[in-house]
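Q: Please take one part of this model, the helices and the loops that join them, and go through it closely. Which side chains meet, what is covered, and how far can the coordinates be trusted?

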Amino acid sequence: MTDPTRRKENFVAHQGKHWIEHWEPENAEFWESTGKKVARRNLWFSVFAEHIGFSIWTLWSVIVLFMGKDYGFSAADKFLLVSTPTLIGGLMRLPYTFAVAKFGGRNWTVVSAALLLIPTALAAVVLHPGTSLGTFLLVAALGGVGGGNFASSMTNINAFYPEKHKGWALGLNAGGGNLGVAAIQLVGLLVIGTAGATAPRVVLFIYLPLIVVAAVCAYFYMDNLATMKGDTKAMREVVKEPHTWVMSFLYVGTFGSFIGYSFAFGLVLQNQFGRTPLQAAAVTFLGPLLGSLSRPTGGWLADRVGGGKITFATFIGMALATVVLVLASTSKSLALFTIAFIVLFVLTGIGNGSTYKMIPAIFRAKARIAISNGAEEAAELLKARRLSGALIGLAGAIGAEGGLFINLAFRQSFADAHSGVPAFIGFLVFYGLCFAVTWAVYLRKPAEQPTSERGLALAGAEV
């Protein structure tokens, strides 16, 4: 048995080098004496770096508001521009998930934060009328690296916390990161309101030093866990699990909607209701802000009512809000449109929280079924944790691509009909599919379900 004093010596010996070779968060004595303080320090600086990453990922949702007639771009061009970082950000999430185990959480946070300097500085260089759309698309694509920060941050913080505190820590980490979307849009509003709609570089000059601060703070105040290992086997296993694709589909509907609407909200207001940059920026930050703040509520409700029930209700609410958006668009009611869009944002946040809560609940339920059939308890619970972690990373990557589809749908809708109504009708159909799938897989009475799902429903009421 390992001597607790010796374990603490191992920790202290490597702390100066930012590598921790001993980490036992499930050991109550270790957690209270040493682990809690270290984990919280890493959490706060990880949230800060992830927050800045989200801001740079969604930078172009702000920049396009500054692009007046002098730039010569159509509404379709601008929707293509904001679609590009969405695509790259989703693709970056899988390699970023594994980068933490390979390079260390602290080391990768430094690198991933520093990488944000490239798209931000390049945007400052090319941001003027006369620059080609292709150049802007390339710079916007580089901004997609900010979308990967979420995956690496969640993977890193997940390893620092014991099971009983993971929900709080990961919820705070995710919510703090998502708030980066609202933060940069609020900065854009302040810049437009003070320096005017011809000074987009001011936004970049604000964020360039913040990126440096995030990287420097991570360098001095975060740690690497030597005990963290990349579990590529779990990823290979989880892709064979049917629930992986169901939950990824549902996460496209929740997080994909959140990030897609975050990019598109201002553009829709400008092109459908003729809002000026200042008028659009005055309300666009509200949606991502309230959507980020409502995410923990979705997790809290899922704990008490059941993730499947909350997700099902959320998709019904999103469908109803979309119906209101169609009615408001056709009647040209700006007030009703704005209220419905903000309500839709809040619902996406609740859905983000409830779907993420469903993932570990599903695998815990499957583990209980296996244990009741004679499988070894420790092995099954470990498998549940491994597969849950893998699915969280995969669903996060797939879900982010929902934002790409939303912006491409808006692009085509405005190009063909000069209105967002066709896109909203498409979203309405998709949300209908989402609540139908949620009901069919997770909410039907056990007697109505196939045998393989019956046990899951009986064992996992919290799903």
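A: Helices and loops

Leu-408 touches Leu-80 and Ser-83 (heavy atoms within 4.5 Å), with residues up to four places away in sequence not counted. The model is predicted, so local features need pLDDT of at least 70 and side-chain atom pairs pLDDT 80 or more, while totals for chains, interfaces and linings use all residues. Residues are numbered from 1 along each chain as its sequence is written, and side-chain values use heavy atoms, without hydrogens or water.

Leu-408 sits in helix α17 (a DSSP run of H or I, at least four residues, numbered from the N terminus). It is partly exposed, at 34% relative accessibility (buried is under 20%, exposed over 50%, partly exposed in between; 1.4 Å probe, protein chains only). Take Leu-443 as a second marker. Leu-408 and Leu-443 are 35 residues apart in sequence, and their C-alpha atoms are 32 Å apart in space.

α17 spans 377-417, and a loop leads from it to α18 (421-443). His-418 is in that loop. Its phi is positive, about 55 degrees, although His-418 is not a glycine. With a relative accessible area of 63%, His-418 is exposed. Lys-332 is another such case: phi is near 60 degrees, positive, in a residue other than glycine. Lys-332 lies in the loop between α15 (307-331) and α16 (334-372). It is exposed too, with a relative accessible area of 69%.

Now the buried positions. Asn-156 lies in helix α8, residues 145-160. At 1% relative accessibility, it counts as buried. Beyond four places in sequence, Asn-156 is in contact with Val-100, Gly-105, Met-222 and Met-228.

Two of those partners return in the packing of α4 on α5: Val-100 on the α4 side and Gly-105 on the α5 side. The axes of α4 (residues 75-103) and α5 (residues 105-115) come within 7 Å and cross at roughly 130 degrees (lines fitted to C-alpha atoms over the stretch in contact; angles from 0 to 180 degrees between N-to-C directions). Here α4 contributes Tyr-96, Ala-99, Val-100 and Phe-103. From α5 come Gly-105, Asn-107, Trp-108, Ser-112 and Leu-115.

Gln-270, in helix α12, is buried as well, with a relative accessible area of 16%. Its contacts, neighbours within four places left aside, are Val-64, Leu-65, Arg-275, Thr-276, Pro-277 and Ala-280. Ala-280 belongs to helix α13 (residues 277-284), whose buried residues are Ala-280, Ala-281 and Thr-284. The buried residues of α13 pack against four helices: α3 (59-66), α9 (163-194), α12 (242-273) and α14 (286-305). Among these, α12 is the helix that holds Gln-270.

Finally, confidence. The chain has a mean pLDDT (the predictor's confidence in each residue, from 0 to 100) of 87, and 92% of its residues reach 70 or more. Two stretches fall short. Over residues 1-16, pLDDT stays under 50, and the model has 17 contacts beyond four places in sequence for them. Over residues 457-461, pLDDT also stays under 50, with 9 such contacts. Where pLDDT is low, the predicted coordinates should not be read in detail.

Note on methods: Helices (H or I, at least four residues) and strands (E, at least two) are DSSP runs, numbered from the N terminus.
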